[in-house]
Amino acid sequence: MARIAVVGSINMDLVTTTGRRPEPGETLLGRGFEMVPGGKGSNQAIAARRAGAEVEFVGAVGDDLFAPVLREVLGDAGVGTRRLRSVSGPSGVASIVVDDTGENTIIVVEGANAALTELAPADLAAVAAADVLLCQLEIPLPTVLAAARHARASGTTVLLNPSPAQELSAEFWSVVDIAVVNAGEAARLAAPLESVAHVVVTRGAAGAVYRGPEGEVAQPGIRVEVVDTTGAGDIFTGALAAHWHEGPAAALAWACTAGALATTKLGASAAIPSRTEIEAALDRAQRN
């Protein structure tokens, strides 16, 4: 079983469903509303755990009504929360609009995630004890860099999902072993990604492509009925981290399957498939 340390964000997702997303200045009537725990860090942590890894989460929640729910959803999934701190103020929040095609628009308010400005010795110990450090960019960049530096010094593989996409220093990229990006991010980050040993590009329903020392591997997607694409990339990334030790081809198959299954339900954390569900879908795909 792989050991994963996630240093990242956790939010409450406020999800509105509507026939189509509004144009600028337009008011529409929505059809439904749900509050679903999310955040890229939390989604990836739960996805890695459900895909079969042992996971420890390093992050922050506020002292509002959302905080106990966010902490509970990680614990209920079997993710370690000893390094999930509480800070004064609101927890992170994401406002999400999902249309009839399953596509979405998202606005994130950092809240407590912005308070994760330094790592305690116990946080760094969790990073050093892991096989893979899994990071995103919804917390302060200096914190992500500090975690990645410590991972590199400790022999822990650094997997970065550089989202939301932003400019990173050459030093930052130098401590990244694996980068997971979508096609748009791959185009924007083409030059710095050349310095990364392993790069995985997600292509939505078309699957994903890996390039690295072993050459290139293309993994097709599986056909599903899409309900909501929110968090599908996070679920892909978590499953990839959980199975990276099996090699890029196997990890890609797990990740593409998990990401596809995640689009069949509304809400990111509620849609994360279990290891059993992923294995069953992989078996069906191999038989067809």
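In this predicted model, S42 is buried, with a relative accessible area of 1%. S42 sits in helix α1. Apart from residues up to four places away in sequence, S42 touches S9, I10, F57 and L74. UniProt, in an unreviewed entry, places the feature "binding site" at S42. That annotation also takes in N11, M12, D13, G39, K40, G41, N43, E138 and D234. Of the annotated residues, N11, D13, G39, K40, N43, E138 and D234 belong to the lining of the largest pocket.

E138 is a second buried member of this annotated set, with a relative accessible area of 12%. Because the limit for burial is 20% relative accessible area, the 12% of E138 places this residue in the buried class. E138 lies in the loop between β8 (132–135) and α4 (141–154). Beyond its neighbours within four places in sequence, E138 is in contact with S9, N11, G39, K40, V108, E110, N113, S163 and P164. Among these contacts are N11, G39 and K40, which carry the UniProt "binding site" feature themselves. S9 is a contact of E138 and is also touched by S42.

The largest pocket has a volume of about 1000 Å³. Its lining comprises 45 residues. T229, G231, A232, G233 and D234 lie nearest the centre of the largest pocket. D234 is also one of the residues in the UniProt "binding site" feature. By class, the lining holds 17 nonpolar, 19 polar and 9 charged residues. Several elements each supply at least two lining residues. The strands among them are β2 (11–17), β6 (92–98), β7 (104–109) and β10 (178–182). The helices are α1 (40–50), α6 (183–188), α8 (232–242) and α9 (248–262).

Helix α8 gives the most to this lining, with 5 residues. The helix is mostly covered, and 10 of its 11 residues are buried. The buried residues of α8 are A232, D234, I235, F236, T237, G238, A239, L240, A241 and A242. A232 and D234 are thus both buried and among the residues nearest the centre of the largest pocket.

A further "binding site" annotation in UniProt, again from an unreviewed entry, covers D228, T230, A262, K265 and G267. Of these residues, the lining of the largest pocket includes T230. T230 is located in the loop between β13 (215–219) and α8. The relative accessibility of T230 is 5%, so this residue counts as buried.

T230 and D228 are both touched by V98. V98 belongs to strand β6. With a relative accessible area of 2%, V98 is buried. Residues up to four places away in sequence aside, V98 also touches V15, T16, T17, T18, E103, N104 and V227. V98 and H243 are 145 residues apart in sequence. In space, their C-alpha atoms are 30 Å apart.

T18, one of the residues touched by V98, lies in the loop between β2 and β3 (32–38). T18 has a relative accessibility of 7% and therefore counts as buried. Leaving aside neighbours within four places in sequence, T18 is in contact with L28, L29, G30 and R31. The contacts of T18 also include V97, V98, D99 and D100.

The second largest pocket contains about 200 Å³ of space. R3, I4, A5, E54, V55, E56, R82, R83, A122, A126, A129 and A130 line this pocket. Two or more lining residues come from each of β1 (3–7), β4 (54–61), β5 (80–86) and α3 (121–129). The lining of the second largest pocket has 7 nonpolar and 5 charged residues, with no polar residue. In the largest pocket, by contrast, 19 lining residues are polar.

Cysteines complete the description. A search of the whole structure finds 0 disulfides. C135 has a relative accessibility of 1% and so counts as buried. C256 also counts as buried, at 8% relative accessibility.

Terms used
Residues numbered from 1 in each chain as written. Predicted model: local features only at pLDDT ≥ 70, side-chain atom pairs only at ≥ 80, totals over all residues. Heavy atoms only, no water. 1 Å grid on protein atoms, 1.4 Å probe; cavity = no way out; pocket = protein on both sides within 12 Å on 5 of 7 lines; lining within 4 Å. Points joined across faces, edges and corners; volume = space filled by probe spheres on them. Helix = DSSP H or I, 4+ residues; strand = E, 2+ residues; numbered from the N terminus. Nonpolar A, V, L, I, M, F, W, Y, C, P; charged D, E, K, R; others polar. Disulfide = S-S within 2.5 Å. Buried < 20%, exposed > 50% of the residue type's maximum accessible area, 1.4 Å probe, protein only. UniProt positions renumbered as here; feature names shortened; annotations may be inferred. Contact = heavy atoms within 4.5 Å.
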